[in-house]
Amino acid sequence: MMNNSSVEVSQLRVRRGKMRFFDGLDVSIPRGQITGLLGPSGCGKTTLMRSIVGVQRVESGTVTVLGEPAGSRVLRHRVAYGTQDASAYDDLTIRQNLRYVGALLGAPRDAVDRVIADVGLTGQADQLVSSLSGGEGSRVSLAMALVGSPELVVLDEPTVGLDPLLRAELWGQFRGLAERGVTLLVSSHVMDEALRCDRLLLMRAGRIIADTTPKGLLADTGAEDPDAAFLALIERDQQQHLDTRRSRREETGE
Amino acid sequence: MNVIRLFATAGRVLSQLRHDPRSIALMLIAPSLLVGLFAWLFSDQEGVFDQFGGPILALFPFIVMFLITSITTLRERRSGTLERLMTTPLAKSDFILGYALAFGLMALLQAVITVSFAVFVCGLETDGPLWQLGLVAVVDALLGTALGLLASAFAQTEFQAVQFMPLLVFPQIILGGLFMPRDQMPDVLHAISDWLPLSYAIDTINAVSAGEEGWDVFGPLLIVVAFMLGALVLASLTLRRRTP
C-alpha cells in the first residue's frame, strides 16, 4: 500500500468549532504524480491539506504520509507546504525569506538561487516582498516550499490571482517536479487547471465526490469542459444525497 | 534545540527590524527621551531624580520591549508564516529563543544608550557601579520580551495585544515600589507585589543605587531572571503545531 501511494487518509474526522467538517474521510494520493484537489471554496480543501502536513488538529482517523504518521518529526524535512495566502515575510527581501527557510531545512546554499530562478524572480531577488505584486508574492511562497527539495509538495491554491501566462509557467514547473519523482497535491478552484493534473479529487462539503483522472472526468459526465463536468458531478451528488435521505425516511416509515 | 535554526531565526528577526528603521529609532531613543523628561520635571528638586531615575530605567525598556515583542509575534501567528514554520524542522523552543535572542540584543543596545543618557546627560547619580544599572535594564527588557511572547498567545488581534499592557504591565508598575515603598503598602497589596517580577527589578535598582553589593543586588535580579525563564517556557508551551 505504501509503495504506490504517498498519502493515505483513512476515516478522518475533523471538527472545526461546533461543525463536523470531515466525517470519516478516505483519500489516497499516488506517488510521483500531480493530484489536483478541486472544489468550491469552503468545501474543506485547506483542512484536508492542513491535515496532511500535520498542522490540523484532528478528532480521529489516520493520515499516513510517505509511510509515517502525518506531522511526525522525520516528515518535516520531506514535506513542504505552501499556504493559501502567500505566507512570506513582507519586510524581508525574496532572498532573505528563502535563506531563512533554507537554513531551517538545511538546504545547500545554491538551492536559494536555484529556486528563485525556478519561479522566475531572479531579477527581483533583492526586493522586499511587500513591494511585489500579488502574483509575485505567491511565487515567493512557492519558492519557499521548494527550497528544501521535498518529496511531497502540498500547495494550497498556488495559482490564484495569476495571469494565464504565469499559471502555465507554474504548471510547467509542477510537471517538471513530478517528472523528478516529487509528489504534488495542488488545490484550485479554477476548473481548467484540472486538465493539467494526473489525478483529480473533487470535493464538496467535506466529502470526496469523485476520485478520477481528467479524461475520466470528461468521459464520465459527457461534458465538454471541466467546469460543466464539475457542475454535472455536483448535481449528481446532490441527487444521490436526496435519494439516500428519502430512502432513509422510507425505512424509518416517516 | 538546534543552534543553527535558533540563530537563523534571530538573524531573520533582526533583518526584519533592519528594514524598519523607524521602529529601531523608537526602540533605541524613546526610553532616553522619557528619562530626559523625568529628569527635567524634577530638575529643581535636589535628589528626586536620583531616587526615581533608577526605577524609571527599569520600567521603560520593560514596557517598550513588551509592546514590540507581543505585536511582532502576534503578526507572525496571524500572517500564516508561523503555520509554515510549524511544518519545518524548527523546534518551538528555537522559535521562542530566536526571538528572545534578537530582541535581547536590541535590549542591550537600548540599555547602553538609556543608561548612558541618564548618567552622562541627565546627571543620575548612583552609589553602585554603572554596569549593574545596565544589567538590570537588559534583564528587564528581556522580561518584557518574554512576557510579550507569552501575551501574544492570548491575543487574537493587535488591538487586544495592546490592551494587555494595562492589564499585565500597569499593576506591576503601581505595586512595584515606585510610588510607595512596598513595605508600607496594605498587607494584601504587599503580598501581591511579592508575586510580581517588576517588584524585584525595582528592588535590584534600589540596591544598586544605594551601593549595596552581592546578594542584595543579585538575589532579586535572579528572581527576575527566573520569572523571565518561566515566561519563555510558558510561551513555547502555548505554541501549537496543530491548531483547530
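UniProt positions are in the numbering used here, and its annotations may be inferred rather than shown by experiment. Keep that in mind for the exercises below, and remember that this is a predicted model.

**Exercise 1. Find the transmembrane regions that UniProt lists for chain B, then check the secondary structure of two of them.**

Step 1. Start with the record: the unreviewed UniProt entry gives "transmembrane region" for residues 24–42, 54–74, 95–121, 133–154, 161–180 and 217–239 of chain B.

Step 2. Take residues 24–42 of chain B. This span is 95% helix and 0% strand, and its end C-alpha atoms lie 28 Å apart.

Step 3. Now try residues 217–239 of chain B, where the chain comes out at 96% helix and 0% strand. Here the end C-alpha atoms are 34 Å apart.

Step 4. Zoom out to the domain. UniProt (unreviewed entry) places "domain: ABC transmembrane type-2" at residues 18–242 of chain B. That span is 77% helix and 0% strand, with 31 Å between its end C-alpha atoms.

**Exercise 2. Work out the element count and overall dimensions of each chain.**

Step 1. Count elements. Chain B has ten helices and zero strands, while chain A has seven helices and ten strands.

Step 2. Test chain A against the globule rule. Its radius of gyration is 19 Å, close to the 18 Å the rule gives for 254 residues, so chain A is as compact as a globular protein of that length.

Step 3. Do the comparison for chain B. A compact globule of 244 residues would have a radius of gyration near 18 Å, and chain B has 18 Å, which agrees.

Step 4. Add the extents along the principal axes. The C-alpha atoms of chain A fill a box of roughly 70 × 40 × 35 Å, and the C-alpha trace of chain B spans about 60 × 40 × 35 Å.

Step 5. Look at burial and contacts. In chain A, 46% of the 254 residues are buried; in chain B, 46% of the 244 residues are. Among contacts with a separation of 6 or more, residues 24 or more positions apart account for 67% in chain A and 77% in chain B.

**Exercise 3. Describe the side of chain B that touches chain A.**

Step 1. Get the contact count: 22 residues of chain B are in contact with 24 residues of chain A.

Step 2. Find the helices involved. In chain B, α1 (3–18) and α4 (81–86) each supply at least two residues of this side. The most come from α1(B), with six residues.

Step 3. Sort this side of chain B by class, and you get six nonpolar, nine polar and seven charged residues.

**Exercise 4. Follow helix α1 of chain A into the largest nonpolar core.**

Step 1. Check burial. In α1(A), residues 45–53, eight of the nine residues are buried, including Lys45(A), Arg50(A) and Ile52(A). Just past this helix, Gly54(A) has a positive phi of about 85 degrees.

Step 2. Move to the core, which has 148 residues. Ile52(A), Ala143(A), Val147(A), Val154(A) and Ala146(B) touch the most other members. Helix α3 (residues 48–78) of chain B provides the largest share, 14 residues.

Step 3. Pick one of those hubs, Ala143(A), and list its neighbours. Leaving out residues up to four places away in sequence, Ala143(A) touches Leu98(A), Val115(A), Ile116(A), Asp118(A), Val119(A) and Leu121(A).

Methods:
Residues are numbered from 1 along each chain as its sequence is written. Chains are lettered from A and ligands numbered from 1 in the order in which they are written. This is a predicted model: local features need pLDDT of at least 70, side-chain atom pairs count only at pLDDT 80 or more; totals for chains, interfaces and linings use all residues. Helices (H or I, at least four residues) and strands (E, at least two) are DSSP runs, numbered from the N terminus. A residue is buried if 20 or more other C-beta atoms lie within 10 Å of its own, exposed if 12 or fewer, and partly exposed in between; C-beta atoms are placed from the backbone. Two residues are in contact if their C-beta atoms, placed from the backbone, lie within 7 Å. Ala, Val, Leu, Ile, Met, Phe, Trp, Tyr, Cys and Pro count as nonpolar, Asp, Glu, Lys and Arg as charged, and the others, Gly among them, as polar. A nonpolar core is a set of buried Ala, Val, Leu, Ile, Met, Phe, Trp, Tyr and Cys residues joined through C-beta atoms within 7 Å. The radius of gyration is taken over C-alpha atoms; the globule rule is 2.2 Å times the number of residues to the power 0.38.
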